[in-house]
Structure formats: C-alpha cells, structure tokens
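Work through the exercises below with the model open. Each task is followed by its solution.

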Amino acid sequence: MLAVNYTNLRDNMKSYMDRVTDDYETMIVTRKNNKNVVMMSEESYNNLMENIHVMGNKANYDWLMQSKEQLEKGRFSLHTLSEESEYE
C-alpha cells in the first residue's frame, strides 16, 4: 500500500493513477485533520464488492467453504467439455 500527500498526488496524478491501475496498488491520500482518502482501481473495487457480497451471505460462504474443503480432500472430478456446432 502506498501513501502520498494530496499535494504530491496532484502534482503527479497520472503516474500515481498508473501505479494504482497497472500495479494493483492501493493508495492512501493523506490530508489535513486525518481526512484521508483511499484510491484503488475500478477492477480492485469491483473485486472487493463481489467478495463482500459472496462472503456476506452465510449460505454462499458455507457453500464456498464446503467446496474448498472437498477440493482440499481430493473429492472432485474432472470433465472434458465437448464443442458442438450450433449448425449441426
């Protein structure tokens, strides 16, 4: 996680935004009176929101943990998908 003050961010906005998006960095923009702001890429934000949704629902969370346990114990099967032409 990076930290930068507001003035430095303003003077170097493009390079900091590139670091946030290209390097998946999260940045804290420090401001007076501890009114800080967090900057992250849209991709990281969307991922965070999806995780909150999945993990915030107990049924989803339980299903995910059960699936993880099955995988770790080797209780899974592999299937080959076959391609079928829609014109056949």
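Lys58 is exposed at 60% relative accessible area (exposed is over 50%, buried under 20%, partly exposed in between, with a 1.4 Å probe and protein chains only). The model is predicted: local features need pLDDT of at least 70, side-chain atom pairs 80 or more, while totals for chains, interfaces and linings use all residues. Numbering runs from 1 along each chain as its sequence is written, and side-chain values use heavy atoms, leaving out hydrogens and water.

**Exercise 1.** Find the salt-bridge partner of Lys58 and place the pair.

Step 1. Apply the rule: a side-chain nitrogen of Lys or Arg within 4 Å of a carboxyl oxygen of Asp or Glu. Asp62 qualifies, at 3.0 Å, N to O.
Step 2. Both residues lie in helix α4, four residues apart, about one turn. Helices here are DSSP runs (H or I, at least four residues), and strands are E runs of at least two, numbered from the N terminus.
Step 3. Check exposure: Asp62 is partly exposed, at 35%.

**Exercise 2.** Test the length of α4, residues 58-72.

Step 1. Take 1.5 Å times one less than the number of residues. For 15 residues that should span 21 Å.
Step 2. Compare: the end C-alpha atoms are 21 Å apart, which agrees.
Step 3. Look just after the helix: Gly74 has a positive phi of about 75 degrees.

**Exercise 3.** Describe strand β1, residues 2-5.

Step 1. Sort the faces: Leu2 and Val4 are covered, Ala3 and Asn5 uncovered.
Step 2. Find the neighbour: β2 (residues 27-30) pairs in the parallel sense over four bridges (pairing takes at least two DSSP bridges).
Step 3. Name a partner: Ala3 bridges to Ile28.
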